[in-house]
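Biologist: I'm new to this one and would like some help reading it. Could we start with whatever catches your eye?

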Amino acid sequence: MKIAKADVIVTCPGRNFVTLKLTTDDGLTGLGDATLNGRELAVASYLGDHVVPCLIGRDAHRIDDTWHTLYRGAYWRRGPVTMTAIAAVDTALWDLKAKAAGLPLYQLLGGRSRDGVTVYGHANGADMAETLDEVQRFRDMGYKAIRVQSGIPGLASTYGVSKDKLFYEPADAAVPTENLWSTEAYLDFMPKLLDAVRVRFGYDGHILHDVHHRLTPIEAARLGKSLEPYRLFWLEDPVPAENQEAFRILRQHTVTPIAIGEVFNTIWDAKTLIGEHLIDYIRATVVHAGGISHLRRILDFAALHHVRSGCHGATDLSPVCLGASLHLNLAIPNFGVHEYMRHTAETDAVFPHAYSFRDGMLHPGEAPGHGVTLDETAAARFPYKPASLPINRLTDGTLWHW
Ligand code: EZ4
Ligand code: CO
């Protein structure tokens, strides 16, 4: 099973996606997601210009050797562009190996460890009343875990609140748009919001919240402490994590569980966080953390430290990433929860898939491989459109973390 052909396919069915398609000399195809939101063409170039020429003629069964060839062979290790490109190759190779075996991917990863992959959806509204109604809607759809984000009194817009409630898309313009942020307004509002959620819905059902890296350690400590009565499943990305040691401060002050890692690209981003038990859930993904092979290593290390999976599953991760991630999360011993932001009908039409949502869970399906395909004729109808993530400023104009 030699790699005969490698194509990089860029398509924009509602948003941009980059996909690597590997074809073997015996006619099998495998797909890997290579989408890095707002930086899509950098990964497409990395793959097309630097990786594809090294793949042709290689034995498609040698997944780990190929991973290390790309990781060590570049000399320049790590980084989101490099690791997303490696992830695409790795995911496509696992897809091929499982198809060659005639098995759904989870069978090669150790088999099923649970009935399905419990997912959380995103309830969000412009204000508290609308947000509470959205929580009701997600409960009605069968979600057992719900992320709650809301507009904040005094701020025109904020992360996680969308016009179209079921489909959230922050990359909204070729040149970044600007948001305004007030930590004070946010910290005053959040306990009131969570209190209202528990008053209306009680304590059955998990509630999550994403801070999107906007606080300092001591501010995050205050937030975590103030939310303790509402028993969050997790508080996500409270602080930017380049400085992993900063999470020690947070940990000293609150027992609210902490999740982080959607922007991590290797184990080195999380070694201290996991090794010192500073977090509870690791959000690294197949597409941005080096594929199935590397994410599995991160999750095994996490298991030693009582850290469970909470993989990123935003709409900018393609159905190929989601499908592959479901197989991995079905198989691992230390599963926590999985994010699920629904893709639009256009995206689903371009990426036909075997996974399905039922009773608050996603099920990867029984198709050989990861079960996600690409309709190239449909993809060709949606050409690439430049789109960037917003930036964020404090009310005095200082550039802040978006
Ligand atoms: O803002 O994936 O938890 N989910 C998130 C996402 C991220 C986007 C950035 O591309 O924080 O919505
Ligand atoms: Co997030």
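Modeller: Sure. Keep in mind that this is a predicted model. A good start is a single polar contact: a polar side-chain atom of Arg283 lies 3.1 Å from an oxygen atom of ligand 1. Taken alone, ligand 1 exposes 330 Å², and the protein buries 94% of that.

Biologist: Which other side chains have an N or O atom by an oxygen atom of ligand 1?

Modeller: Look at His212, where the distance is 2.7 Å. For Asp210 the distance is 3.1 Å.

Biologist: How many residues surround ligand 1, and which are the closest?

Modeller: There are 15 around ligand 1, and the closest are Tyr159, His212, Glu236, Glu262 and Asp316. By type, the shell splits into seven charged, five nonpolar and three polar residues. As for the space that ligand 1 takes up, that is the largest pocket.

Biologist: Now the metal. Which residues coordinate the cobalt ion (ligand 2)?

Modeller: To read a metal site, list the donors, then check the angles. Here Asp210 (OD), Glu236 (OE) and Glu262 (OE) coordinate the cobalt ion (ligand 2), at 2.0 to 2.2 Å. Along the sequence, these donor residues follow the spacing D-x25-E-x25-E.

Biologist: And why is the arrangement around the cobalt ion (ligand 2) called irregular?

Modeller: The general idea first: six octahedral donors would ideally give angles of 90 or 180 degrees. In this case, the six donor atoms around the cobalt ion (ligand 2) subtend angles of 24 to 178°, so the arrangement is irregular.

Methods:
Residues are numbered from 1 along each chain as its sequence is written. Chains are lettered from A and ligands numbered from 1 in the order in which they are written. This is a predicted model: local features need pLDDT of at least 70, side-chain atom pairs count only at pLDDT 80 or more; totals for chains, interfaces and linings use all residues. Side-chain values use heavy atoms; hydrogens and water are left out. A residue is near a molecule or strand if one of its heavy atoms lies within 4 Å of it. A polar contact is a pair of N or O atoms within 3.5 Å; within protein, one must be able to donate a hydrogen and the other to accept it, and residues adjacent in sequence count only if both atoms are side-chain atoms. Accessible areas come from the Shrake-Rupley method with a 1.4 Å probe; for residues, only the protein chains shown count as cover. On a 1 Å grid over the protein atoms alone, a cavity is a set of points where a 1.4 Å probe fits but cannot get out, and a pocket is an open set with protein on both sides within 12 Å along at least five of seven lines; lining residues have an atom within 4 Å of a point. A molecule sits in a cavity or pocket if more than half of its atoms lie within 2 Å of its grid points. Ala, Val, Leu, Ile, Met, Phe, Trp, Tyr, Cys and Pro count as nonpolar, Asp, Glu, Lys and Arg as charged, and the others, Gly among them, as polar. Donors are N, O and S atoms within 2.8 Å of the metal (3.2 Å for Na, K and Ca); water is not among the atoms, so sites may look incomplete. Four donors count as tetrahedral if all angles lie between 85 and 135 degrees; four count as square planar and six as octahedral if opposite donors are over 155 degrees apart and all others between 65 and 115; anything else is irregular.
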